[in-house]
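Colleague: I should like to go through this model with you term by term, asking each time what a word rests on. Please set every value against its definition, and tell me where a rule has its limits.

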Amino acid sequence: MKKIIQLFNSNKSLKNLVVYGVGQAFNLITPLLVIPYIVAICGEEGYGKISVGMALSFFLIVFIDYGSDIVGVKEVAVYREDRDKLEQIFVTTYSAKMVLLLAVVFAASMVFYFVPYFSNEKTLFFLSLPILLGQLINPTWFLQGVENFKWITILNVISKVIYVVGIYVLIKHDSDYVYNNLVWGIGMIVAHGIAFGYLLHTYSFSFKTVNREAVFALIRGNFSMFSSQIFVSLQMYAPVVLISFFGNNTMAGQFKIVDQVIVIFKTYILLFFNYAYPRVCYLLEKSVNEGLRFWKTYNGANAIFILVSMGGIFIFSDAIVSYFNPKEIATISALLRIAVLIPILQSIGIPLKQLVIGFNKQKEYVRLTMVTTVVSLVMIVIATPLFKIEGVIFTLIFTELLIIALFFNTIKNNLFPRSS
């Protein structure tokens, strides 16, 4: 036991991974604690409406982040030992986020009022806007760059505890589905506000140093990465909205139950990306061989874990679906068995994305992301009326295969320089 403790304390990467993993466990477990309750109270239709509102909010988050979750993390990782440079990155990024938040809230409000599809549920959509405020003050991108995973864990735990408690307090009737996203936003605001204050105190950053020209230069400079993230976000969140629009909210709820099982592992893969990404960038700058060794070790172990997990979900799909209290257990279970291919493919595609960006191939990344997203959305629009949810899932599988092929082709010469 002493040797294990000594290894844990002496190995910074292992310690960060364990601490980060504890925090992310709350992200993965939280939906399992609340979704059966929500479906039991609000039904599959109500859960479908919640999912559409949440998907729209998460899509709008891309406009608030504006590439800081990629570019900002990399800049902080590279300049982590330069306090003045960190202050410039911090205050400039947050000032840009504020400008973008005001623009997004105004535009979203107009849509919620005047577009019939959204105005029919405008209470739900307006109560989802606090999620955007929570994302404005979210300092996770900075914490990732300096590899302060302890505070990432703290804010995850706080926000998810607030959400779970709020759901059981506020949702008592089927019409209370409108409060779900509000509670999520409140949890984000409280947790991220605490972490934001911690960073200001620790680093003594001051917004008096903000430069207006630097803010608009950041907005111009990050536009290409922001554009690519729009397409990534569309890939993730558009399916449930399109199913609701071309089908109905009950179909959206059924798809979301399948997606909620899968998204646990999709989220895990993305969070693993966030954990390893700054270290990959840092090591690639020092030594390509060292960076690739780290990349292969962590992502290889991750892929094995995902493969084993998906095998378990395939075997026990009926019992897993039953846990969520839906009416159509057999139908949703069959869909889940097909969907297990998505995380397996993402455990390959997302690590390749790390290298595409780590090797400074941002232009190629943006172009490929746009192409795959357009292909995916067009196929979903065509497949939903004809093949229902099955068509959407097969489209998502095809998209992941396309991403793997295109990303690998982009960085194969960096992976195998002697064979080029």
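Colleague: What makes the backbone oxygen of L406 and the side chain of T410 a polar contact?

Modeller: The backbone oxygen of L406 lies 2.8 Å from a polar atom of the T410 side chain, and a polar contact is a pair of N or O atoms within 3.5 Å, where, within protein, one atom must be able to donate a hydrogen and the other to accept it, and residues adjacent in sequence count only if both atoms are side-chain atoms. This is a predicted model, in which local features need pLDDT of at least 70 and side-chain atom pairs count only at pLDDT 80 or more, whereas totals for chains, interfaces and linings use all residues. Residues are numbered from 1 along each chain as its sequence is written, and side-chain values use heavy atoms, with hydrogens and water left out.

Colleague: Why is T410 called buried?

Modeller: Its relative accessible area is 19%, and buried means under 20%, while exposed means over 50% and partly exposed lies in between, using a 1.4 Å probe and protein chains only; T410 is therefore buried. The residue lies in helix α18 (residues 362-415), where a helix is a DSSP run of H or I of at least four residues, numbered from the N terminus. Leaving aside residues up to four places away in sequence, T410 touches K361, E364 and L368, contact meaning heavy atoms within 4.5 Å.

Colleague: How do you know that the length of helix α4 agrees with what its residues should span?

Modeller: The expected span is 1.5 Å times one less than the number of residues, so the 32 residues of α4 (residues 83-114) should span 46 Å, and the C-alpha atoms at its ends are 47 Å apart, which agrees. At the N-terminal end of α4, D82 acts as a cap, with a side-chain oxygen 3.3 Å from the backbone nitrogen of D84.

Colleague: What makes K49 and E121 a salt bridge?

Modeller: A salt bridge is a side-chain nitrogen of Lys or Arg within 4 Å of a carboxyl oxygen of Asp or Glu, and the closest N and O atoms of K49 and E121 are 3.2 Å apart, so the pair meets the rule. The pair links distant parts of the chain, since K49 is in helix α2 (residues 12-65) and E121 in the loop between α5 (116-119) and α6 (122-126), 72 residues apart. Both residues are buried. As background, side chains of opposite charge can pair when their charged atoms come close.

Colleague: How many salt bridges does this rule give, and which parts does the one between E147 and R80 tie together?

Modeller: The count comes to seven. One of them joins the side chains of E147 and R80 at 2.8 Å, N to O; E147 lies in the loop between α8 (140-145) and α9 (149-170) and R80 in the loop between α3 (68-78) and α4, so parts 67 residues apart in sequence are tied together. E147 and R80 are both buried.

Colleague: Are D318 and R337, which also form a salt bridge, buried or exposed, or something in between?

Modeller: Their closest N and O atoms are 3.5 Å apart, and the pair links helix α15 (residues 317-322) with helix α16 (residues 329-339). D318 has 39% relative accessibility, and therefore counts as partly exposed, and R337, with 29%, is partly exposed as well.

Colleague: What makes phi of Y66 worth pointing out?

Modeller: Most residues other than glycine have a negative phi. Phi of Y66 is near 50°, a positive value in a residue other than glycine; Y66 is in the loop between α2 and α3 and, at 6% relative accessibility, counts as buried. S204, in the loop between α10 (180-203) and α11 (212-221), likewise has a positive phi, near 55°.

Colleague: Why is a space called a cavity, and what lines the second largest cavity?

Modeller: On a 1 Å grid over the protein atoms alone, a cavity is a set of points where a 1.4 Å probe fits but cannot get out, and lining residues have an atom within 4 Å of a point. Grid points are joined across faces, edges and corners, and a volume is the space filled by probe spheres set on the points. The structure holds two cavities of 30 Å³ or more, and the second largest has a volume of about 40 Å³. Its lining includes F255, D259, K266 and L396, with the largest share, five residues, coming from α13.

How values were computed: Helices (H or I, at least four residues) and strands (E, at least two) are DSSP runs, numbered from the N terminus. On a 1 Å grid over the protein atoms alone, a cavity is a set of points where a 1.4 Å probe fits but cannot get out, and a pocket is an open set with protein on both sides within 12 Å along at least five of seven lines; lining residues have an atom within 4 Å of a point.
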